[in-house]
There are 2 protein chains.
Amino acid sequence: MIRLLLADDQALVRGALAALLQLEDDLEVVAEVSRGDEVVDAARESTPDVALLDVEMPGIDGLAAARLLRDAVPTCRVLMVTTFGRPGYLKQAMSAGASGFVVKDTPARQLADAVRRVHSGLRVVDPTLAAESLTQGDSPLTEREADVLQAARSGGTVAVIAKTLFLSEGTVRNHLSSAIGKTGARTRAEAVRVAVDNGWLLPH
Amino acid sequence: MIRLLLADDQALVRGALAALLQLEDDLEVVAEVSRGDEVVDAARESTPDVALLDVEMPGIDGLAAARLLRDAVPTCRVLMVTTFGRPGYLKQAMSAGASGFVVKDTPARQLADAVRRVHSGLRVVDPTLAAESLTQGDSPLTEREADVLQAARSGGTVAVIAKTLFLSEGTVRNHLSSAIGKTGARTRAEAVRVAVDNGWLLPH
DNA sequence: CGAATCGCATGACACCTGTCATGGGGGACT
DNA sequence: AGTCCCCCATGACAGGTGTCATGCGATTCG
């Protein structure tokens, strides 16, 4: 019996995944959580063999949860199951110690196999996504540029961003300008879009 | 036996929902599609009693699909099952002839009941969402303002928006200014965010 | 130790944006 | 017919934005 932990903020999806996986004779869902910051505690209690984590979650995101889980319960392998196949997510997931990365577009039948492979120590990665991830390289943004872009997501002016980050307006404009150049965009809004699509910004 | 059609672009979620619903003795999944524009054809072939439609789908969105389905197969009731509980989506879903509206945050156990209620002619609506929807009223945006905001989502400049919509730049700025005023925003990016959050813009 | 890179900052400049006044044309409703 | 609202457009203005040159302190790396 492979013991599973499910983490997904959408209760319906979580329950449905549980139903899907319970159909397999060798799989058993032993814990379900809806928030990233509940993952470690739940894993400590239920000692799962494999944790299926969504990336987008309240509390902390699935990538951060994977890092914590690796340290807290090293025997538990991690399979990321996420909506968005952003290349940057894959990289972060792997460096966070995940054993597999599956997008929610993949056929339902393959999920159980992915779980079994991860459990047996293999790595599971979407081939298309892996190619994209290799082609495209790491995020070109510096930490501060990413911060500023992140702050620009809600649509505020430079003045607002400067205040929330405790920077001068000129510095904010410089970081933005640099980020716009690196993303190949022409406006900050476009730069935000590009960065989000590539997974260069934190989820949410 | 209640015959079901599932429409969701994420294969994994679709399959999982199928597994969940098949557990019920009185429910039967007779068709699955991944695109909005496949809903009507599938419904014609399989004559489902209830169609579960996601809002976000390639081809045409679930709201448009619901409208077409109502005309093409009037005996089939529609239950929208969607990720985002945007008030505007609920309104559009109801005017599109849907019998129910469920967000993916709801507990998995309630889904089967929702299906049964919809099948028996009742309406199923998330109470919280219904309240929000009533509080907040219809979209204040004119058709053209929504078009311009939609075009502004990708982050292009006024000149780009003007070209794609075959308008003068001045007109684009006027529509944007008006939309910014109506949304209570200060910049176009903020206006886009507000409009999207409220479901005043088309999905995707 | 240099050299490179990054974060932070200032100031200046061309350009883009958001706002406003104003106007004409068209459909809807009284 | 008159009124109202929407669409489209023009022109002008204040203020925001993106770019560039330049500078300083800190950190990293060969």
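**Notebook: two chains, two DNA strands**

I started at the backbone of DNA strand D, where one phosphate oxygen sits 2.8 Å from an N or O atom in the side chain of S177(A). I note for myself that this is a predicted model.

**Entry 1: around strand D**

I then asked which residues surround DNA strand D most closely. I found 17 residues around the strand, the closest being S177(A), R188(A), T142(B), R144(B) and S168(B). Of the strand D atoms that come within 4 Å of the protein, 66% belong to sugar and phosphate.

Next I looked up a few individual distances. R144(B) has a side-chain N or O atom 2.7 Å from a phosphate oxygen of strand D. R173(A) goes to a base instead: I read 3.4 Å between a polar side-chain atom of R173(A) and a base nitrogen of strand D.

Which helices supply this surface? I listed α9 (169-183) of chain A, along with α7 (143-152) and α9 (169-183) of chain B, each giving at least two residues. The largest share is that of α9(B), with 5 residues. By residue class, I noted 10 polar, 5 charged and 2 nonpolar residues near strand D.

**Entry 2: around strand C**

I repeated the search for DNA strand C and found 18 residues around it. T142(A), R144(A), S168(A), S177(B) and R188(B) come nearest. Here sugar and phosphate make up 65% of the strand C atoms that come within 4 Å of the protein.

I wrote down three contacts with this strand. T142(A) places a polar side-chain atom 2.9 Å from a phosphate oxygen of strand C. V158(B) uses its backbone, with a polar atom 3.2 Å from a phosphate oxygen of strand C. R173(B) has a polar side-chain atom 3.3 Å from a base nitrogen of strand C.

For the helices, I have α7 (143-152) and α9 of chain A and α9 of chain B, each supplying at least two residues of the surface near strand C. The largest share, 5 residues, comes from α9(A). The classes here are 3 nonpolar, 10 polar and 5 charged.

**Entry 3: how the chains relate**

What turn lays chain A on chain B? I got 180°, with a shift of 0.0 Å along the axis and an RMSD of 0.0 Å. That is the relation of a two-fold axis. In chain A, I found the C-alpha of A16(A) nearest the axis, 2.3 Å from it. Both copies use the same surface, as 100% of the contact residues of chain A recur in chain B.

**Entry 4: the sheet of chain A**

I moved on to the fold of chain A and traced an open sheet of 6 strands, paired in parallel in the order β2-β1-β3-β4-β5-β6. Why do β2 (27-33) and β6 (124-125) each have a side without a neighbour in the sheet? They stand at the edges with a single partner strand each, so one side of each is left free of a neighbour there.

I checked one pairing in detail: β1 (residues 2-7) of chain A joins β2(A) in the parallel sense over 6 bridges. L4(A) has V29(A) as its bridge partner in β2(A).

Two helices that pack on the sheet went into my notes. Helix α4 (residues 87-95) of chain A touches β4 (77-82), β5 (100-103) and β6, and its direction makes about 150° with that of β5(A). Helix α5 (residues 109-119) of chain A touches β1, β2, β3 (50-53), β4, β5 and β6, and its direction makes about 150° with that of β4(A).

Conventions
Residues are numbered from 1 along each chain as its sequence is written. Chains are lettered from A and ligands numbered from 1 in the order in which they are written. This is a predicted model: local features need pLDDT of at least 70, side-chain atom pairs count only at pLDDT 80 or more; totals for chains, interfaces and linings use all residues. Side-chain values use heavy atoms; hydrogens and water are left out. A residue is near a molecule or strand if one of its heavy atoms lies within 4 Å of it. A polar contact is a pair of N or O atoms within 3.5 Å; within protein, one must be able to donate a hydrogen and the other to accept it, and residues adjacent in sequence count only if both atoms are side-chain atoms. Helices (H or I, at least four residues) and strands (E, at least two) are DSSP runs, numbered from the N terminus. Ala, Val, Leu, Ile, Met, Phe, Trp, Tyr, Cys and Pro count as nonpolar, Asp, Glu, Lys and Arg as charged, and the others, Gly among them, as polar. Two strands pair if DSSP finds at least two bridges between them. Contact means heavy atoms within 4.5 Å. Axes are lines fitted to C-alpha atoms, for helices over the stretch in contact, and angles run from 0 to 180 degrees between N-to-C directions. Copies are superposed by least squares on the C-alpha atoms of residues with pLDDT of at least 70 in both.
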